[in-house]
Amino acid sequence: MAVERGVGKCEQNHAGSFGYPTRPDAPYDFCPQCGNPMVWDCPNCQSPLPDDPGELISARFCRNCGSPYFPHERDEPEE
Ligand SMILES: [Zn+2]
Ligand SMILES: [Zn+2]
């Protein structure tokens, strides 16, 4: 069953959404602000990203399975 609406973001934390009034009907592949791929759900378990705007921006890992939303996350040294 197709998802009717949802939120996502790119690696640069530019939030996006689809299915809402004034928004595209379906998820789009690339961020219009920086050109990075958009992430609409967890790459590992397909859980949707948090739809709370604040939580959406701060989230870097899936709250369901702990996987990073962006593959680069694994390579960055922890500070
Ligand atoms: Zn972006
Ligand atoms: Zn997950």
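Start by selecting the zinc ion (ligand 1) in this predicted model. Its protein donors (N, O or S atoms within 2.8 Å of the metal, or 3.2 Å for Na, K and Ca) are Cys-10 (SG), His-14 (ND1), Cys-31 (SG) and Cys-34 (SG), lying 2.0 to 2.3 Å away. Along the sequence these residues follow the spacing C-x3-H-x16-C-x2-C. The arrangement is tetrahedral because the angles between the four donor atoms run from 102 to 114°, and four donors earn that word if all angles lie between 85 and 135 degrees.

Residues are numbered from 1 along each chain as its sequence is written, and ligands are numbered from 1 in the order in which they are written. Local features need pLDDT of at least 70, and side-chain atom pairs count only at pLDDT 80 or more.

Next, colour by accessibility: buried means under 20% relative accessible area, exposed over 50%, and partly exposed in between, with a 1.4 Å probe and protein chains only. Cys-10 is buried at 0%, while His-14 is partly exposed at 22%.

Now select Arg-63 and Glu-55. Their side chains meet in a salt bridge, 3.1 Å from N to O; the term asks for a side-chain nitrogen of Lys or Arg within 4 Å of a carboxyl oxygen of Asp or Glu. By that rule the count is one salt bridge. Which partner is exposed, and which partly exposed? Arg-63 is exposed, with a relative accessible area of 57%, and Glu-55 is partly exposed, with 33%.

Definitions and conventions
Side-chain values use heavy atoms; hydrogens and water are left out. Four donors count as tetrahedral if all angles lie between 85 and 135 degrees; four count as square planar and six as octahedral if opposite donors are over 155 degrees apart and all others between 65 and 115; anything else is irregular.
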